[in-house]
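Look at the chain below and follow it from one feature to the next. The text starts at a single residue and then moves outward to helices, pockets and the chain as a whole.

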Amino acid sequence: MVSPAELEHLISPQRFETYVTLAHGDRSLAAELYEWTGAIAGALFTDFRTVEIVFRNLIDQALSRHVARVAPRVKDWMRDSSWIPVGGHWWDRDAQKALRKARRHAGGPGASHSAVIAEVSFGFWRYIVSGRYEESFWNTALDHAFTGIPGHAPGDRRRTLEQSMINLLGLRNRLAHHEPIAKPWTRKLPGGRKGTFTLDHLYGDLVKVMQWTAPALAADLLQPSRVPGLLAARPC
């Protein structure tokens, strides 16, 4: 087993100090916490895979059905804006860039719709439920596609889902950059407020998004998850 001194040398004194602080000065416990962080990061990536695929497929299916009903001549809701209602917005510059990148990775201009869907990033799906697209996507098709989101009005439900997706995108980015996810972090919330987030809170967001997206199957899909057990076994 790697000793605390060896781990400190390998990952840098600055990074190791984060875990020492969380372990209240106990270097052996800090090394355990570092190992635990790696285990729960892997478990979270497994759950992210599930929620991302289910989430994007629900959005694609809901918008495909809606467009087939209101604009039968449109072959691909992601490429043809003629179905967008008056007052709605089409893709902004960042979204267009993301779609070009996804289409390129999917095989180029002739790539199938499903291949492009599979290449689009998690961040893209988070922005589909942002305020910019409330009239275009949410009010037309997505509000009725999700189940059980709290809120009396469509905009209230969209904002609730958006906040959870913002939180999950932040966590996913921290995982991808190997940041010390055992440490709570603070970020701005809509309206300029600040919120502090822990892994327990954020895993709760993942569970809620799964329940809103696939209510009948959420429990079964998350049953194999190692995250709850790892959260309960956190060293400190």
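**From one loop residue to the whole chain**

D143 is found in the loop that joins helix 7 (134-142) to helix 8. The model is a predicted one. Is D143 buried or exposed? D143 has a relative accessible area of 9%, and a residue counts as buried when this value is under 20%, so D143 is buried. Its side chain has a partner: a polar contact of 2.8 Å links the side chain of D143 to the side chain of R157.

Helix 8 follows this loop. It has 23 residues, and its first and last C-alpha atoms are 32 Å apart, close to the 33 Å expected at 1.5 Å a residue. Just after helix 8 comes H178, which takes a positive phi of about 55°.

The length check can be repeated on helix 3. How far should its 44 residues span? At 1.5 Å a residue the expected span is 64 Å, and because the end C-alpha atoms of helix 3 are 63 Å apart, the two values agree. The N-terminal end of helix 3 is capped by D26, which places a side-chain oxygen 3.1 Å from the backbone nitrogen of S28.

Next come the pockets. Rolling a probe the size of a water molecule over the atoms shows where empty space is left. The largest pocket holds about 410 Å³ of space. Its lining has 17 residues, and those nearest the pocket centre are D94, A98, S121, G123 and F124. Which elements each supply at least two residues of this lining? They are helix 4 (93-105) and helix 6 (122-128). Helix 4 gives the largest share, 7 residues. Sorted by class, the lining of the largest pocket has 7 nonpolar, 6 charged and 4 polar residues.

The second largest pocket holds about 190 Å³. Its lining includes R15, Y34, F45, R174 and H178. Helix 2 (13-22), helix 3 (27-70) and helix 8 (154-176) are the elements that give two or more residues to it. Helix 3 gives the most, with 5 residues. The classes in this lining are 6 nonpolar, 3 polar and 3 charged residues. H178 therefore appears twice in this account: it has the positive phi just after helix 8, and it helps to line the second largest pocket.

Further along the chain, P228 has its place in helix 11. With a relative accessible area of 43%, P228 is partly exposed. P228 and Y203 are 25 residues apart in sequence, and their C-alpha atoms are 8.6 Å apart in space.

Now step back to the whole chain. How many helices and strands does the chain have? There are 11 helices and 2 strands. Read from the N terminus, the order is α-α-α-α-α-α-α-α-β-β-α-α-α. The C-alpha trace spans about 65 × 40 × 35 Å along its principal axes. Of the 236 residues in the chain, 45% are buried.

The last point is confidence. The chain has an average pLDDT of 95, and 99% of its residues score at least 70. Among the elements of the chain, the highest mean pLDDT, 98, belongs to helix 11 (residues 227-232), and the lowest, 78, to strand 1 (residues 185-188). Where pLDDT is low, the predicted coordinates should not be read in detail.

Technical notes. Residues are numbered from 1 along each chain as its sequence is written. This is a predicted model: local features need pLDDT of at least 70, side-chain atom pairs count only at pLDDT 80 or more; totals for chains, interfaces and linings use all residues. Side-chain values use heavy atoms; hydrogens and water are left out. On a 1 Å grid over the protein atoms alone, a cavity is a set of points where a 1.4 Å probe fits but cannot get out, and a pocket is an open set with protein on both sides within 12 Å along at least five of seven lines; lining residues have an atom within 4 Å of a point. Grid points are joined across faces, edges and corners, and a volume is the space filled by probe spheres set on the points. Helices (H or I, at least four residues) and strands (E, at least two) are DSSP runs, numbered from the N terminus. Ala, Val, Leu, Ile, Met, Phe, Trp, Tyr, Cys and Pro count as nonpolar, Asp, Glu, Lys and Arg as charged, and the others, Gly among them, as polar. The expected span of a helix is 1.5 Å times one less than its number of residues. A polar contact is a pair of N or O atoms within 3.5 Å; within protein, one must be able to donate a hydrogen and the other to accept it, and residues adjacent in sequence count only if both atoms are side-chain atoms. pLDDT is the predictor's confidence in each residue, from 0 to 100. Buried means under 20% relative accessible area, exposed over 50%, partly exposed in between (1.4 Å probe, protein chains only).
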